[in-house]
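Welcome to a short set of exercises on one protein chain. Have a look at the structure first, then try each task before reading its solution.

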Amino acid sequence: MCIEKTPWEQVIEFHGHTCAEIALGYRVAQIANRELGVSEIIEPLIKVTAYTHSCALDAFQIINRATYGRNYLFVVEQNIHSYVFQTKDSAEELQITVRSEIIEQVTEAVESLSSRERQAKTLEAIKIILGTEETQFCEVKHKPQP
């Protein structure tokens with residue numbers, strides 16, 4: 001019997017493990033699809049520009065079908081969790097910027113922690129990312145394409 005995986009399970013399987021940044025990418029990708037009116041993507045329609053290179057990019061590859069190989073995923077390193085989404089047929093772009101307070105909450109140093117403590121911190125960070133009310137999680141802006 002074949003059981004279809006949820007989008008979250010697909011992202012985790014593609015990425016290889018669960019972490020705070022993959023949860024962040026998953027949530028941002030879902031918000032982008034909703035805001036752009038995209039329900040299911042079969043062909044790559046969304047170009048994503050990320051302003052930091054992080055695990056979040058793997059979620060965009062699964063949820064938004066934006067990949068490096070198809071030239072739909074770009075990184076302009078500025079070390080900020082801000083992402084711009086554009087569709088082929090839209091005259092506007094969507095910018096989603098994760099609030100700095102969220103980033104600060106979920107990026108505590110974990111190097112000196114035991115494996116169990118690190119796992120607990122990761123789960124706590126994922127709860128914050130997926131559970132925070134959207135206006136407290138990120139800023140969403142629609143703007144004309146340049």
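## Exercise 1: Ala20 and its surroundings

Ala20 counts as buried, because its relative accessibility is 14% (buried means under 20% relative accessible area, exposed over 50%, partly exposed in between, with a 1.4 Å probe and protein chains only). This is a predicted model, in which local features need pLDDT of at least 70 and side-chain atom pairs count only at pLDDT 80 or more, while totals for chains, interfaces and linings use all residues. Residues are numbered from 1 along each chain as its sequence is written, and side-chain values use heavy atoms, with hydrogens and water left out.

Task: find the element that holds Ala20, and list what Ala20 touches beyond four places in sequence.

Solution, step by step:
- Start with the element: Ala20 belongs to helix 2, residues 20-36. Helices (H or I, at least four residues) and strands (E, at least two) are DSSP runs, numbered from the N terminus.
- Next, look for contacts, meaning heavy atoms within 4.5 Å. Leaving out residues up to four places away in sequence, Ala20 touches Val106, Thr122, Ala125, Ile126 and Ile129.
- Finally, take one of these partners, Thr122. Ala20 and Thr122 are 102 residues apart in sequence, yet their C-alpha atoms are 6.0 Å apart in space.

## Exercise 2: The whole chain

Task: describe the order of helices and strands along the protein chain, then its overall dimensions.

Solution, step by step:
- Count the elements: there are 6 helices and 5 strands in the protein chain.
- Put them in order: the pattern along the sequence is α-α-β-α-β-β-β-α-α-α-β.
- Check the compactness: the radius of gyration is 15 Å, close to the 15 Å from the globule rule for 146 residues, so the protein chain is as compact as a globular protein of that length. Here the radius is taken over C-alpha atoms, and the globule rule is 2.2 Å times the number of residues to the power 0.38.
- Add the box: along the principal axes, the C-alpha atoms fill roughly 50 × 45 × 30 Å.
- Turn to burial and contacts: buried residues make up 42% of the 146 residues. Of the contacts with a separation of 6 or more, 71% are between residues 24 or more positions apart.

## Exercise 3: Pairing around strand 1

Task: which residues are the bridge partners of Thr49 in strand 3 and in strand 2?

Solution, step by step:
- Locate strand 1 at residues 46-50, where 4 of its 5 residues are buried.
- Follow the antiparallel side: 5 bridges join strand 1 to strand 3, residues 82-87. Two strands pair if DSSP finds at least two bridges between them.
- Read off the partners in strand 3: Thr49 is bridged to Val84, and Ala50 to Tyr83.
- Now take the parallel side: strand 1 pairs with strand 2, residues 73-75, over 3 bridges. In strand 2, Phe74 is the bridge partner of Thr49.

## Exercise 4: Strand 3 and its two directions

Task: why can strand 3 be called largely enclosed by the rest of the structure?

Solution, step by step:
- Count the buried residues: they are 6 of the 6 in strand 3, so this strand is largely enclosed by the rest of the structure.
- Recall the background: in a regular strand the side chains alternate between the two faces of the sheet.
- Sort the residues: Ser82, Val84 and Gln86 point one way from strand 3, Tyr83, Phe85 and Thr87 point the other way, and all are buried.
- Move to the next neighbour: strand 3 pairs with strand 4, residues 92-98, in the antiparallel sense over 5 bridges. One of these links has Glu93 in strand 4 as the bridge partner of Gln86.
- Close the turn: 4 residues lie between strand 3 and strand 4, which form a hairpin.

## Exercise 5: Helix 3 and the loop after it

Task: what covers the buried residues of helix 3, and is Asn71 buried or exposed?

Solution, step by step:
- Begin with the helix: 8 of the 8 residues of helix 3 are buried, among them Asp58, Phe60 and Gln61.
- Name the cover: it includes helix 1 (7-15), helix 2, strand 1, strand 2 and strand 3.
- Step past the helix end: just after helix 3, Arg65 takes a positive phi of about 60 degrees. Arg65 lies in the loop between helix 3 (56-63) and strand 2, and is partly exposed at 31% relative accessible area.
- Finish with Asn71, which is found in the loop between helix 3 and strand 2. Its phi is near 60 degrees, a positive value in a residue other than glycine, and Asn71 is exposed, with a relative accessible area of 53%.
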